[in-house]
Amino acid sequence: MLKNAVLFVSLALFSASSFAGNSPQKPVDEKITLSIELLRLVNFDETMKSMQDQIRGMLEQQFDTYTTCEAARPVLREFSAEMTNMMMGTLNDEGMKVDVAAVYAEVFSVEELREINDFYRSPLGKKMIERMPELMQKSMMITQSRMKSMMPELQALGEDYAVRVRAAARTCEQAAESADPVNEE
């Protein structure tokens, strides 16, 4: 565990140096260190895991609404799981954390990062972190509810554009066929 932490900090510092340009080394190192601390304070790893579960659930729910064929549902669920695992494998690696820390280091000053970290160490900051999953879940439910009420309109729009896209594709195919020298022989 300690070995992984040392490796992570080393990678973070190495990555940060590529963002540093001509700026002094110490502030960048401190910014990256503070940014990594911020990610730890806000439970970045747990948030990514929660996001993975939410994405998997949303995909399964979405696939379930797209098919009425019971035989297809297990295959779609398997596809959903594989797709989520693939996406989250990329998003959960240590490199992602280093990249996110570098963004925080780029956007915030050392003093701002200290203040943000102090906030998340405070009782109110800890409460905010503790309640964030609930806030995110409830916000997601509101979003899903609003999207669900729009589905008939979105489906009609999709059907309209599908017709137009197919017509445009036929035009492109015809143009390609007429320009193809093999067809001219």
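Helices (H or I, at least four residues) and strands (E, at least two) are DSSP runs, numbered from the N terminus. With that in hand, Glu94 can be placed in helix H5. The structure described here is a predicted model, in which local features need pLDDT of at least 70 and side-chain atom pairs count only at pLDDT 80 or more, while totals for chains, interfaces and linings use all residues. Residues are numbered from 1 along each chain as its sequence is written, and side-chain values use heavy atoms, with hydrogens and water left out.

The overall layout is a friendly place to begin. The chain holds seven helices and zero strands, and its elements run α-α-α-α-α-α-α from the N terminus on. How many of the residues lie away from the surface can be put as a share: of the 185 residues of the chain, 20% count as buried. Here buried means under 20% relative accessible area, exposed means over 50%, and partly exposed lies in between (1.4 Å probe, protein chains only). Glu94 is an example of the middle class, because its relative accessible area is 38%. Glu94 also shows how a fold brings distant parts of a sequence into one region: Glu94 and Asp45 are 49 residues apart in sequence and 9.8 Å apart in space, C-alpha to C-alpha.

The next topic is empty space. Rolling a probe the size of a water molecule over the atoms shows where empty space is left. The search uses a 1 Å grid over the protein atoms alone; a cavity is a set of points where a 1.4 Å probe fits but cannot get out, whereas a pocket is an open set with protein on both sides within 12 Å along at least five of seven lines, and lining residues have an atom within 4 Å of a point. Grid points are joined across faces, edges and corners, and a volume is the space filled by probe spheres set on the points.

The largest pocket has a volume of about 470 Å³. It is lined by 13 residues, and those closest to its centre are Gln61, Gln62, Gln144, Met147 and Lys148. Two elements, helix H3 (44–66) and helix H7 (123–179), each give two or more residues to this lining. Helix H7 gives the most, with eight residues. By type, the lining of the largest pocket has five nonpolar residues, seven polar and one charged. In this count Ala, Val, Leu, Ile, Met, Phe, Trp, Tyr, Cys and Pro are nonpolar, Asp, Glu, Lys and Arg are charged, and the others, Gly among them, are polar.

The second largest pocket encloses about 370 Å³ of space. Its lining consists of 18 residues, with Val42, Asn43, Phe44, Thr47 and Met132 nearest its centre. Helix H2 (25–41), H3, helix H5 (94–107) and H7 each give two or more residues to this lining. Here H3 gives the most, with six residues. The lining of the second largest pocket divides into 14 nonpolar residues, three polar and one charged.

Attention now turns to the surface. Met147, Met150, Leu154, Leu157, Tyr161 and Val165 form a nonpolar patch there, with about 530 Å² of accessible area together. Patches are made of residues with over 30% relative accessible area and no salt bridge, like charges being joined within 9 Å and nonpolar side chains (Val, Leu, Ile, Met, Phe, Trp, Tyr) within 5 Å. The areas come from the Shrake-Rupley method with a 1.4 Å probe, and for residues only the protein chains shown count as cover. Tyr161, one of the patch residues, is found in helix H7 and is partly exposed at 41% relative accessible area.

Charged residues complete the picture. Side chains of opposite charge can pair when their charged atoms come close. A salt bridge is a side-chain nitrogen of Lys or Arg within 4 Å of a carboxyl oxygen of Asp or Glu, and the whole structure has seven of them. In one, Arg40 pairs with Glu37, the closest N and O atoms being 2.5 Å apart. Both lie in helix H2, three residues apart, about one turn of the helix. Arg40 is exposed, with a relative accessible area of 52%. In another, Arg121 pairs with Asp118, with 3.2 Å between the closest N and O atoms. Arg121 and Asp118 both lie in helix H6, three residues apart. Glu37, Arg40, Asp118 and Arg121 are linked in a network of salt bridges.
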